[in-house]
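Colleague: Could you walk me through the salt bridges and one of the helices here? I would like the cut-offs as we go.

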Amino acid sequence: MLFRSAKSKFDGGDVMRRLKRLAEGTLSSYRRLFLLLLCVCVVFYMLPPIFRYIFLSAPEQKDPHSICMDDRLTPFVLQNFEFDANIRHVSPSKMPGERDFTPYVGNGYLGLEIAHDAYLNIKHGRAMQLPIRFQPVVSVFGGGGGLGGEKESTVVEYLTGMVHRFQCFADYFVSYTYYAHRTQPGIFMQELQITNTRNMMEDIELIMPRVNLPKLTRRTVTLTEPVTAGMFTYSELEVLTGIVQPQPENPSKCIVISIVKPQLDSKLQLRKRGTVRIVYPIAVQYSKLVAESQVKGIGEATEQQATQTMIKLLQKLGSKASNSGSLNSINSYRQEHIDVWTDLWATGFTISTSKAENSLNGDRINATMYAVLSQVRSFEFEELGVGTSKRDDIAKALTYAEGCYDSYHTLQAENLWRDMSSLQQLNSVVSSWMLTLEKQGCHNLIRAGASGVIQAMVLSFGSFRFSNQHLECNIHPKFLHRDFHFRRLNYGNKTHVNVTIIVTDDNKAVINVALDRSDRSYYACDGGCLDEPVLLTQNRRQFPVKLTEPLTAILYITEDKQHMEELHHAIHVKEVVEAPAHEQHLIALHRHGHQLGGLPTLFWVSVCAIIIVFHIFLCKLIIKEYCEPSDKLRYRYNKP
């Protein structure tokens with residue numbers, strides 16, 4: 001507008017009139033604009049879930065096999081969500097978002113991956129990585145000449161030490177339960193339940209255990225009186241004995257192994273809409289590494305031990321053939337196994353879930369702890385082979401844990417949290433854990449078996465260390481940007497300590513300490529031990545996280561008050577300050593998966609777009625108000 005007519009020349013009075021009109025319309029205009037922006041924000045906030053509901057959550061028509069599998073897996077969904085179990089689809093393929101952990105059962109004496117063609121493994125070195133050419137898993141032969149169901153899934157229950165396997169066929173479905181018994185380490189239990197879904201008879205065939213051991217001998221033992229376990233009566237046992245050579249370069253040394261299993265017909269007939277339940281135990285006994293000349297004598301001994309174990313087990317599980325089978329006996333035997341796992345998990349660790357990429361969460365921690373515990377024996381719970389002296393040694397090892405754990409906290413050790421999608425990877429992770437704990441001062445706890453190993457693992461998570469009459473926590477304050485809970489740390493025979501680290505609203509971490517139980521007074525102090533020792537009770541005592549120069553422990557716990565008072569003069573720190581608050585973007589990253597807070601990214605992008613559009617509209621309005629010819633404005637606002 002370089003050239004303007006006479007009517008549109010600059011007039012100061014005209015400008016004042018325009019500003020006055022603009023001011024008069026400001027309140028109502030901005031009120032309407034505010035309401036419009038509010039409605040737009042609400043719409044943009046609701047768009048993501050609406051789009052997901054319309055385009056991603058459309059009801060899909062599931063085939064009967066998928067419906068069957070969903071029904072089988074529904075009881076375990078909550079446990080899977082809370083990381084107490086892991087659901088894994090095997091066939092036809094793994095589902096998106098599933099955690100790919102190998103389904104495994106073991107008790108430190110024997111173990112195996114749960115698959116129809118899996119081999120039994122026994123202890124060799126620090127892990128159970130010596131495969132035996134024996135495939136113990138009983139499976140149902142699938143229709144159409146294929147092995148396995150049209151749908152197959154596994155569920156690993158960490159808290160019970162059991163693996164469930166489900167197969168859904170066209171006319172029936174099969175539920176399996178596997179566990180390596182904790183109180184009888186030589187027993188591998190299989191429970192099958194086959195359900196006919198059609199109103200007609202169905203013939204099925206079982207894939208029985210297969211064995212191909214070197215120097216294999218077979219013989220049959222007839223029971224003096226048939227025993228009924230579940231719905232089947234067993235009258236004969238098959239005894240298999242062979243050898244295993246763990247060192248091919250040294251064939252003169254071998255391990256003698258004996259396997260005893262009941263004789264069971266592989267062909268079954270299902271009644272109309274009927275259910276068949278099979279309880280199928282396998283007893284395994286093997287020797288230490290022996291010379292080839294001793295194989296015969298050792299073989300007779302292992303055969304006898306395995307046979308006696310199986311006979312006693314069948315008598316315990318079932319009843320005489322003249323009576324009905326006892327389901328309560330089977331449930332009680334399974335519960336004995338579960339009780340041991342429940343006792344092991346009394347000590348544990350909880351960490352707040354992080355949404356940051358590649359972060360370590362409870363799913364991988366629980367799976368790794370379960371894998372390690374499955375390859376360590378529970379000596380104090382075993383029925384045979386553990387005398388009074390052995391139990392006393394275990395109790396002493398659990399009490400005296402001096403020097404464990406003597407390194408940085410293992411939550412940052414990526415080598416200990418590798419993938420476990422195959423048996424080889426699982427064994428490698430277990431070996432790494434056992435080596436790490438052994439070399440970092442936890443050898444006494446390892447000797448105690450599974451109870452000691454879980455104690456050592458939980459101590460290592462927080463870099464807790466037993467040192468000269470006290471327990472100290474050496475984790476660096478910079479790593480305390482998530483909530484931790486260390487449950488039932490064993491301090492002596494009759495004392496358990498709970499330690500909780502919480503990130504407060506001001507992004508600072510605080511420590512809460514409480515006694516789960518105790519037989520005497522215990523005291524605690526924070527970093528530097530400058531304050532008076534605090535008496536611990538079953539109620540939480542809170543301590544700030546302090547940063548010292550040079551770096552020392554952030555928490556000390558002891559039963560000797562005088563020792564703690566003297567500890568202050570032995571730490572020799574130059575400076576003690578409260579640990580600084582963590583950066584807000586770091587907390588937001590763990591809590592929300594990004595640094596923008598709790599709202600979705602699309603919402604913030606939408607808000608920015610609205611602000612930009614609003615300013616463009618405002619600029620356009622002002623330019624139009626001041627640059628438009630005055631005669632048009634006069635006509636617009638002075639209508640007759």
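Colleague: How many salt bridges does a search of the whole structure find?

Modeller: Happy to help! This is a predicted model, where local features need pLDDT of at least 70, side-chain atom pairs count only at pLDDT 80 or more, and totals for chains, interfaces and linings use all residues. Residues are numbered from 1 along each chain as its sequence is written, and side-chain values use heavy atoms, leaving out hydrogens and water. With a salt bridge taken as a side-chain nitrogen of Lys or Arg within 4 Å of a carboxyl oxygen of Asp or Glu, the search of the whole structure gives 23.

Colleague: How many residues apart in sequence are the parts that Arg126 and Glu438 tie together?

Modeller: The side chains of Arg126 and Glu438 form a salt bridge, at 3.1 Å from N to O. Arg126 sits in the loop between strands S4 (120-124) and S5 (127-132), while Glu438 belongs to helix H9 (residues 423-439), so the pair links parts separated in sequence by 312 residues. (Helices, H or I with at least four residues, and strands, E with at least two, are DSSP runs numbered from the N terminus.)

Colleague: Is Asp171, the partner of Arg198, buried or exposed?

Modeller: Arg198 and Asp171 form a salt bridge with their closest N and O atoms 3.2 Å apart. Buried means under 20% relative accessible area, exposed over 50%, and partly exposed in between (1.4 Å probe, protein chains only). Arg198 is partly exposed at 31%. Asp171 has a relative accessible area of 19%, so Asp171 is buried.
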